[in-house]
Amino acid sequence: MKPEELAAARDRVIPDVVAADLGVLFCGINPGLMSAATGHHFARPGNRFWPVLRLSGFTPRQLAPSEQDELLNYGLGITNVVARATARADELSDEEFRKGGRILATKVERLRPRWLAVVGITAYRTAFGDRSAAIGPQTRTIGDTRVWALPNPSGLNAHWTAETMAEEFGRLRVAAGMPDRTRS
């Protein structure tokens, strides 16, 4: 993709992939420019979201970002804490995160997923004012929806490998009572 196409995607909003009563609603920080330019979540090459979904058993094969709507067939969806696209998450203010957290809570109350999985511990801490949150299940609920904080699958998050992320995503899959689709 050309640099001018990416630059033109700044501040765009991409549609959520959602339905009522999902098993897990994954929540990114905000769309990157590649996602905004393509209209597909986690679209940047090097982002490990799609490989980790497969490795953790949420999907039977690695989906491409352009196949994101297939997630609904598996009881999964995607949204973001902040809707507007930026080149980097550090371009977002704490107030945008807090406002995004309030909007997200309203969305979750309406859609009623069993689990909300926020991919990015810093985004979760800021959006929900929980500075001591750690990766894993949270004590917070939104209505009847449980909350889990997951590592950010960005290729920039080198502290986590695809394999260690898949272990954490897999713990969520088991807690959500969802089948291991790689074993079907």
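Helices in these legends are DSSP runs (H or I) of at least four residues, numbered from the N terminus. With that in hand, welcome to the close-up views; the model they show is predicted.

**View 1. Glu168 sits in helix α6.**
Helix α6 covers residues 162-175, and Glu168 is one of the residues within α6. Is Glu168 buried or exposed? Its relative accessibility is 9%, so Glu168 counts as buried, the limit being under 20%. The Glu168 side chain has a polar partner here: a contact of 2.9 Å joins it to the side chain of Trp148. Looking beyond residues up to four places away in sequence, Glu168 touches Trp148 and Trp160, along with Ile135, Gly136, Leu150 and Pro151.

**View 2. An open sheet is built from five strands.**
Following the sheet across, you meet the strands in the order β2-β1-β3-β5-β4, with mixed pairing. Why is one side of β2 and one side of β4 left without a neighbour in the sheet? These two strands, β2 (76-80) and β4 (136-142), stand at the edges and have a single partner strand each, so one side of each has no neighbour. Direction ignored, neighbouring strands of this sheet are turned by 25° against each other on average.

**View 3. Strand β1 pairs with β2 and with β3.**
Residues 24-28 make up β1, which runs parallel to β3 (residues 115-119) in a pairing of four bridges. The pairing of β1 with β2 is also in the parallel sense, over five bridges. Phe26 is a handy landmark here: Ala117 of β3 stands opposite Phe26, and so does Ile78 of β2. Leu25, for its part, stands opposite Leu116 in β3. In a regular strand, side chains alternate between the two faces of the sheet. In β1, Val24, Phe26 and Gly28 point one way, while Leu25 and Cys27 point the other way. Five of the five residues of β1 are buried.

**View 4. Two helices, α5 and α6, meet the sheet.**
Helix α5 (residues 121-128) lies across three strands, namely β3, β4 and β5 (145-150). Its run makes an angle of about 25° with β4. Helix α6 packs on the sheet as well, where it touches β1, β3, β4 and β5. The direction of α6 makes about 170° with that of β5.

**View 5. Asn30 occupies the loop between β1 and α2.**
Helix α2, on the far end of this loop, spans residues 33-38. Asn30 has a relative accessible area of 13%, so it is buried. Which backbone oxygen lies 2.9 Å from a polar atom of the Asn30 side chain? That oxygen belongs to Arg84. Setting aside neighbours within four places in sequence, the contacts of Asn30 are Asn80, Val82, Arg84, Ala85, Thr86, Ala89 and Leu92.

**View 6. The largest pocket holds about 850 Å³ of space.**
The lining of this pocket counts 35 residues, and those closest to its centre are Ala87, Arg88, Ala89, Asn152 and Ser154. Of these, Ala89 also appears in the previous view, as a contact of Asn30. Which helices each supply at least two residues of the lining? They include α2, α4 (94-111) and α5.

Note on methods:
Residues are numbered from 1 along each chain as its sequence is written. This is a predicted model: local features need pLDDT of at least 70, side-chain atom pairs count only at pLDDT 80 or more; totals for chains, interfaces and linings use all residues. Side-chain values use heavy atoms; hydrogens and water are left out. Two strands pair if DSSP finds at least two bridges between them. Axes are lines fitted to C-alpha atoms, for helices over the stretch in contact, and angles run from 0 to 180 degrees between N-to-C directions. Contact means heavy atoms within 4.5 Å. Buried means under 20% relative accessible area, exposed over 50%, partly exposed in between (1.4 Å probe, protein chains only). A polar contact is a pair of N or O atoms within 3.5 Å; within protein, one must be able to donate a hydrogen and the other to accept it, and residues adjacent in sequence count only if both atoms are side-chain atoms. On a 1 Å grid over the protein atoms alone, a cavity is a set of points where a 1.4 Å probe fits but cannot get out, and a pocket is an open set with protein on both sides within 12 Å along at least five of seven lines; lining residues have an atom within 4 Å of a point. Grid points are joined across faces, edges and corners, and a volume is the space filled by probe spheres set on the points.
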